[in-house]
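Student: Could we go through this model and check each label against its cut-off? I'd like to see how the words get earned.

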Amino acid sequence: MATTAVRVFRQLEGIFCVYKPSGVHWKLVRDTIETNLLKGLNATPSQPLPQEVRFLALESGDSEAPKGLTLSATAVPVLSKHIRVTGPEFQHIKVGVGHRLDSFSSGVLVLAVGKGNRILNDFQRAQVTRDYTLEGEFGTATDDFSHTGRVVERSTYDHITQDKLERVLAVLEGANQKALLTYSNIDMRSQEAYEMAVQGLLVPDGKSPPILTGLRCTHFQPPNFTLEVQCLNENQKYLCKVVHEIGLELRSTAVCKGVRRTRDGPFTLQDALTRHQWTAFDVKKAIKKYQLSKKGKKHPHSQTKDSGSQLPEVKGTRDENESSSNKAAAG
């Protein structure tokens, strides 16, 4: 019979997302969540100790009778099964990390527990679009394209206007759209290509360099500006370089002051658990919410055509689930 901790662990097997703060390594986020989950699992009520019958030697209760020993059958707990002997029921659980964020960046970070890592593997291979908010500053260039790097050049920026910036963004977005068509490996003269392009479902066929599928300015107050970016196959270093190249196109320089991921496939900032929510209770709720949303998308009236954001669910028989959970409980 499964223990309470094992039953709770089964409810924790799935995929969810958290908000990673800037300046914190993703490994620290994962380790903190793993520790909190272990504490939550091992804090569940434990099973009562099993009893065994032993024949114990007892002194005779009759003070007038000759002193001697008698044997009495007594039920006693099996101390070898005590938690202080065996240790916590769960000593390790597998917490996987999806598309990673470097220490400089913040935002949505997807994780998985237990068999949820199967979904995470498919999620990493899927061509899902990710959204970012980039904070830039004109007038400075550094060796790593971020404001924390070593300054290698300073320049003026008074000549830059929002119209000029938006023209550069339009040219850059057009070049990336052309690259997307090239790597999608679809005949652009076909009806299928037309329908996919209209619905925004074109994705690279296999591996490709980073591609920006959307780029616009949401705030412009020189020297500071803010960009919203939708992209595929990117990393945060590439996004900082994009800000640097925009500065060069405007005959100036620019550095990236912040990278914030606002969406990773189906996960958004609204789904992300903040630091005080990295507990077993909140993680279980987040996983349940995602599972319910996937079931809703399977309904014929609510099914979406965005194949890039749909992920498979964990499959397995009841016996397989119990077997894997018992192995995890064994530590």
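Tutor: Sure, starting with exposure: buried means under 20% relative accessible area, exposed means over 50%, and partly exposed is in between, using a 1.4 Å probe and protein chains only. Bear in mind that this is a predicted model, where local features need pLDDT of at least 70, side-chain atom pairs count only at pLDDT 80 or more, and totals for chains, interfaces and linings use all residues. Residues are numbered from 1 along each chain as its sequence is written, and side-chain values use heavy atoms, with hydrogens and water left out.

Student: Why is asparagine 233 called partly exposed?

Tutor: Its relative accessible area is 27%, so asparagine 233 falls in the partly exposed class. You'll find asparagine 233 in the loop between strand 10 and helix 7. Helices (H or I, at least four residues) and strands (E, at least two) are DSSP runs numbered from the N terminus.

Student: What makes the phi of asparagine 233 worth a look?

Tutor: Phi there is near 60°, a positive value in a residue other than glycine. Most residues other than glycine have a negative phi. Phenylalanine 145 also has a positive phi, about 70°, without being a glycine. That one sits in the loop between strand 7 (140-142) and strand 8 (151-154).

Student: And how do you know whether phenylalanine 145 is buried or exposed?

Tutor: The relative accessible area of phenylalanine 145 is 17%, so it counts as buried.

Student: What kind of peptide bond runs from proline 222 to proline 223?

Tutor: A cis one, with omega near 10°. Most peptide bonds are trans. Proline 223 belongs to the loop between strand 9 (211-221) and strand 10.

Student: Why is the phenylalanine 9 and phenylalanine 90 pair called tilted?

Tutor: Rings of Phe, Tyr and Trp (its six-membered ring) pair if their centres lie within 6.5 Å; planes under 30 degrees apart are stacked, over 60 edge-to-face, and the rest tilted. The centres of these two rings are 5.2 Å apart and the planes are at 35°, so the pair is tilted. It joins helix 1 (residues 4-12), home of phenylalanine 9, to the loop between helix 3 (83-86) and strand 4 (95-97), where phenylalanine 90 lies, 81 residues apart. Both phenylalanines, 9 and 90, are buried.

Student: What makes phenylalanine 138 and phenylalanine 225 a stacked pair?

Tutor: Their planes differ by 25°, with 4.3 Å centre to centre, and that counts as stacked. Phenylalanine 138 is in strand 6 (residues 130-138) and phenylalanine 225 in strand 10 (residues 224-232), so the pair ties together parts 87 residues apart in sequence.

Student: Why is helix 5 called oblique to helix 7?

Tutor: The axes of helix 5 (residues 162-184) and helix 7 (residues 236-249) come within 10 Å and cross at roughly 125°. Under 35 degrees is roughly parallel, over 145 roughly antiparallel, 65 to 115 roughly perpendicular and the rest oblique, so helix 5 is oblique to helix 7. Axes are lines fitted to C-alpha atoms, for helices over the stretch in contact, with angles from 0 to 180 degrees between N-to-C directions.

Student: Which residues of helix 5 and helix 7 meet?

Tutor: Contact means heavy atoms within 4.5 Å. Leu165, Val168, Leu169, Leu172 and Asn176 in helix 5 touch Tyr238, Val242, Ile246 and Glu249 in helix 7.
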